[in-house]
Every structure is written in C-alpha cells, then in structure tokens.
Amino acid sequence: MKRSILSALATTLLLCASAGASAAEDAALKAAIAAPSRTPENVARDGYRHPYETLSFFGIQPGMTVVELAPGGGWYTEILAPYLREHGKLIAAGPDLAAPGEGERKSAERFLARLNTKPEVYNKVALGVFAPARGAYAFAPAGSVDLVLTFRNIHNWMPTGPDNLKALFGSVYTSLKKGGVFGIVEHRLPDSKVQDASASSGYMHEKYVIGLAEAAGFKLLAKSEVNANPKDTADHKGGVWALPPTYANKDEDRAKYQAIGESDRMTLKFIKP
C-alpha cells in the first residue's frame, strides 16, 4: 500500500515538474519574441506570422539543435537566436562565404554582417551551407538535429528541378535525429488552381508539399491553420508578392491588398520515423 502511494506521489511530482518546465520554456519563447533586439519592422509583422503559435506548434524547446533553412533577412533568426542561445544551438543554413559564385558569396556576407551588428545576440549562431541553386547541402552532421524549420521558401526551390528537390529534402531527413521534426510554412495555393512546375506565383498546393516530404521518408504529424488567411484568393497580379509587405504592384490596388493582408499559408509538421 505504501509503495503504491509513493509511486503515485512520484508520478504526480514528475507531472508537476514537467508542467513547470513547459511554462518556463513558453516564457522563454515569449521573451525572445519580445526582445528589444528585434527590429521594429519585423515586430510589426507578428500579427501575420504568429511566431509564438507557430514555433510552439513545431514543438521547439530551448535545449534543441535547430536548423533554419534559408533564413533570408533573418526574420525568424531574430527570435531563434536568443531563444536557443544559452542551452541549445541554432544553425543558420544559407549561402556559403566560400561559394564559387560572387552572388552567393555576397549574400552570405550580407547575412554575416547582419549577425555581426549584435554579437551579444548572434555570436553563437553557427553557419551551414544550404545552396539549392547549385545543390550544395552541408549544414549539419547526419542524425544531429532536433528540428529543421523553413518559412516560405519551397516555391523558391521549385525551379531547381525535381532531382534537386529530392536531394534537398533528403538532406533535411539525413540531418535529423530519429523522431526529429521538419516544420514548414509556405504560401498555399487552393486545390482548384493549377500548380505550375516553377511555382511562379509563389503559391504551392499543400498536397504537393506533403508529397515532397513523404517521398523523402517523412511522416506528416500534424497541420495547423495558425497562419491561414481566408481573405487571400491566391490569384493576384504579380502573385503573392502583390500582397504586403512587398506590394509588387506599388500603388495599384494597394488598399485592396492591404485589406487582404499577408498570404494564406500552410503550416505543416513532419516527423522522421
């Protein structure tokens, strides 16, 4: 009888400890999103990009090794870097400083310069090579990563062709530990519209993206509508870039696009079995 009581008490304490850890981790993520190191222009987009809800859905934890594929201007890097700084590791996988092409080198230099503006936030960020245009993927050792993230990038990789896409998704699969997660956010094309081979509008069919991941060995774990926008019809002149924040058509129908807001997006969570 005593043993049963002690066992139940131990279980209760363990559950309480886990709940406390979860609350602390959520607080850490909220603190990273609220960090004064973020740029005001990026903070202004939180209402469309939902960083807290999105990263929580993907199951991020502060002790993880996380890869951000193609971080671009570093919108999510601003959040991920301080969140993972003390207990985890962030690998920004992008262009190579030693690339054969000048364009790629300059892009890598710009990103590094961005990190160097705030070493107190970014000096622990590791850099990895992720260059779909030339099929170069050297961002993490095999089986070393807990979570890989990519935000609104897959349409950019479509013109590199199906063989390269297979290699790209394969590199993500290889980098992850068993049970590791691949989180994708992408502009969503309605099923009723035609998906062209180069995703020229910037939008993609959800089923197509799921197929790319599953072909690499991933299993779809969950979907979220946290980044959905039912106002977006995905049929704009100039594609997704007609919408904010780009406004590709400048003042033409600007009020209409402003009223729509940013794009409708799929949010997909895959697991490496």
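Over the ring of which residue does the charged end of R254 sit? I come back to that in point 6; here are my notes, point by point.

1. Confidence. Please keep in mind that this is a predicted model. The average pLDDT is 93, and 91% of the residues score at least 70. The part to read with care is residues 1-24, where the pLDDT is below 50. Beyond near neighbours in sequence, that stretch has 0 contacts in the model.

2. The largest nonpolar core. This core has 29 residues, and L69 and F182 touch the most other members. Two or more residues come from each of β1 (65-69), β2 (89-94), β5 (145-151), α8 (154-157), α9 (162-175), β6 (176-189), α10 (206-215) and β9 (265-271). F182 is a good place to start looking: beyond its neighbours within four places in sequence, its contacts are L69, V148, T150, F169, V172, L176, F218, L268, K269 and F270. F182 also belongs to an aromatic cluster, together with F169, Y173, F218 and F270. As general background, nonpolar side chains in soluble globular proteins tend to be buried together.

3. A second core, and L90. Apart from the largest core lies another, with 28 residues that include L55, W75, L90 and Y122. L90 is found in strand β2 and has a relative accessible area of 3%, so it counts as buried. If you leave out neighbours within four places in sequence, L90 contacts V66, E68, T77, L80, A81, L84, K124, V125 and A126. Its C-alpha atom is 8.6 Å from that of L127, although the two residues are 37 apart along the chain. W75, named above as a member of this core, has the charged end of R38 over its ring, 5.1 Å from the centre.

4. Aromatic pairs around F130. There are 10 aromatic pairs in the structure. In one of them, the ring centres of F130 and Y137 are 5.3 Å apart with the planes at 50°, so this pair is tilted. F130 also pairs with W157, here edge-to-face, at 5.2 Å between centres and 65° between planes. That second pair links distant parts of the chain, since F130 is in strand β3 (residues 126-131) and W157 is in helix α8, 27 residues apart. Both partners are buried: F130 has a relative accessible area of 3%, and W157 is at 5%.

5. Helix α4. Which residues of helix α4 (residues 51-58) are buried? They are P51, T54, L55, F57 and F58. Around the axis they cover an arc of only 155°, so they lie on the same side of α4. The general rule is that an α-helix has 3.6 residues a turn, so residues three or four places apart point the same way. Just after α4 comes G59, with a positive phi near 80°.

6. Backbone details worth a look. Most residues other than glycine have a negative phi, and most peptide bonds are trans. Against that background, P244 and P245 are joined by a cis peptide bond with omega of about 10°. P245 lies in the loop between β8 (219-224) and α11 (254-260). Y247 is in the loop between β8 and α11 as well, and its phi is positive, near 50°. With a relative accessibility of 13%, Y247 counts as buried. This brings me back to the opening question: the charged end of R254 sits over the ring of Y247, 3.8 Å from its centre. Elsewhere, R152 has a positive phi near 55°; its place is the loop between β5 and α8.

Key
Residues numbered from 1 in each chain as written. Heavy atoms only, no water. Core = buried A, V, L, I, M, F, W, Y, C linked by side-chain atoms within 4.5 Å. Buried < 20%, exposed > 50% of the residue type's maximum accessible area, 1.4 Å probe, protein only. Helix = DSSP H or I, 4+ residues; strand = E, 2+ residues; numbered from the N terminus. Contact = heavy atoms within 4.5 Å. Phe/Tyr/Trp six-rings, centres within 6.5 Å; stacked < 30°, edge-to-face > 60°. Lys NZ or Arg CZ within 6 Å of the ring centre and 35° of its normal. Arc of directions from axis to C-beta. pLDDT = per-residue confidence, 0-100.
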